Amino acid sequence: MKVGPYAWTTPLVLAPMAGVTDRPFRLLCRSLGAHFAASEMVTSDQSLWHTTKSKRRLDHSGEPEPRIVQIAGGEPTMMADAARRNAALGAQIIDINMGCPAKKVCNRAAGSALLKDEPLVAEILRAVVRAVDIPVTLKMRTGWDPDHKNGVTIARLAEAAGIQGLAVHGRTRTDQYAGPAEYHTIQAIKAAVRIPVLANGDIVDGPTAKRVLQQTGADGVMIGRAAQGNPWIFREVAHYLATGESLPTAAGPEVRDIMIRHLEQLYAFYGEQDGVRVARKHLGWYRDTALRPSLNTELRGPTVHVERSLFQEMRIATATSSQLDLVRAWFDVIIELPSTPQEQPVLAAATHPLEQMSEQPIVAVA
Ligand SMILES: Cc1cc2nc3c(=O)[nH]c(=O)nc-3n(C[C@H](O)[C@H](O)[C@H](O)COP(=O)(O)O)c2cc1C
């Protein structure tokens, strides 16, 4: 697959997720095997770009090629201007958001709400492609609602407008995230156009990625929610696609090191106060991954309470240093936890691991 000068045989792509795929998370996923990662969507209304949120979304410093900026909006001239401005700021691919079900961006139909208005879609795509001399791609859904799956029409419009790649989420706009993704329409879209197509929706591991690729004939896969708390999914999927075998999933000290590196990057990017706050949701996702039943890390007895209390403290910590100390202490409890209760260490409140390793006061559990 090739988008402009950027080529991979079977690209694995991190899906744009507002509030999740900030620069630290994109860099992390790319270091673990994601080939492409678009920014969280940026509104095309430049009068809002002075906000801290937009400024952070527009920040791509230190990001490896290709730097992909996703723009959202419903007005062709504004979208063209936003694309031009982002190209001037260093974007190397512009991605247009027609995949997000949010009703409105800046009080206008935007995202997947546009799919209903095919002439407007064509106008926006043509305007953006004309505005920049870098590749433009489109993120879309399979249609407006299950009775109006116009994904093939939109894909053809996109190709005719000069769009160089499509990512298709296998749900309609009104499906939101309900029900399983369907891949039949993605297959029909892939068959209808010559530009590269990425399949997206409910891909959670190597076997699902392989099945979706086979079913749709897509050129690559885009993974979103399954990367939350699980950024090493990209190397696992890459290994499975290359060998047909599953890598042992990341565990123990490696996970701790990845998580700590991630937190440090969040702190550097957002600063102390916001960094600790943004880290909380990632900590929850990492915990879900670390304690998922298939890993046999079922906690029993007093260990349950120590783990829970450390996790609560991690979530309410307000300083980066205490959040980091708590993460390390939490890992001491869960790393290589024996799977049977008899083998689990008896940890009482008095032996709270953090009391032994830090001078910092332990934040009280709320
Ligand atoms: C929290 C969240 C935020 C999202 N934000 C965006 C976005 O900014 N732009 C976009 O095109 N899609 C957005 N999406 C949709 C995802 O890119 C993706 O299409 C969807 O999650 C399905 O893929 P998955 O099953 O692998 O998660 C978002 C999804 C989630 C869960």
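## Helices on the sheet

Helix H3, residues 76–88, lies across strand S6 and strand S7 (93–98), and runs at about 160° to S6. Helix H4 packs on the sheet too, where it touches S7 and strand S10 (136–143). The direction of H4 makes about 165° with that of S7. Please keep in mind as you look around that this is a predicted model.

## The sheet itself

How are the strands ordered in the open sheet? The 9 strands follow the order S4-S3-S13-S12-S11-S10-S7-S6-S5, and their pairing is parallel. Strand S4 (36–37) and strand S5 (42–43) stand at the edges with a single partner strand each, so one side of each has no neighbour in the sheet.

The partner of S5 is worth a closer look. S5 pairs with strand S6 (residues 68–72) in the parallel sense, over 2 bridges. Val42 has Ile71 in S6 as its bridge partner.

## Ile71 and the nonpolar cores

Ile71 turns up again in the core. The largest nonpolar core has 70 residues, and Ile71, Ile94, Val128, Leu166 and Val221 are those with the most contacts inside it. Helix H4 (residues 118–131) gives this core its largest share, 6 residues. Apart from that core lies another, of 23 residues, which includes Val255, Met259, Val278 and Ala290. As a general point, nonpolar side chains in soluble globular proteins tend to be buried together.

Which residues does Ile71 touch, leaving aside those up to four places away in sequence? They are Met41, Val42, Ser44, Met79, Ala82, Ala83, Asn86, Ile94, Ile96 and Asn97.

## Around the ligand

There are 22 residues around the ligand, and Ala15, Met17, Met41, Gly224 and Arg225 come nearest. Met41 is also one of the residues that Ile71 touches. By type, the shell around the ligand divides into 10 nonpolar, 8 polar and 4 charged residues.

## The start of the chain

Met1 is found in the segment before strand S1 (2–3). Is Met1 buried, partly exposed or exposed? Met1 has 19 other C-beta atoms within 10 Å, and a buried residue needs 20 or more, so Met1 counts as partly exposed.

Met1 also meets residues from farther along the chain. Leaving out residues up to four places away in sequence, Met1 touches Ala7, Trp8, Pro11, Pro196, Asp219 and Gly220. With Pro196, the sequence separation is 195 residues, while the C-alpha to C-alpha distance is 6.1 Å.

Note on methods
Residues are numbered from 1 along each chain as its sequence is written. This is a predicted model: local features need pLDDT of at least 70, side-chain atom pairs count only at pLDDT 80 or more; totals for chains, interfaces and linings use all residues. A nonpolar core is a set of buried Ala, Val, Leu, Ile, Met, Phe, Trp, Tyr and Cys residues joined through C-beta atoms within 7 Å. A residue is buried if 20 or more other C-beta atoms lie within 10 Å of its own, exposed if 12 or fewer, and partly exposed in between; C-beta atoms are placed from the backbone. Helices (H or I, at least four residues) and strands (E, at least two) are DSSP runs, numbered from the N terminus. Two residues are in contact if their C-beta atoms, placed from the backbone, lie within 7 Å. A residue is near a molecule or strand if its C-beta atom, placed from the backbone, lies within 6 Å of it. Ala, Val, Leu, Ile, Met, Phe, Trp, Tyr, Cys and Pro count as nonpolar, Asp, Glu, Lys and Arg as charged, and the others, Gly among them, as polar. Two strands pair if DSSP finds at least two bridges between them. Axes are lines fitted to C-alpha atoms, for helices over the stretch in contact, and angles run from 0 to 180 degrees between N-to-C directions.
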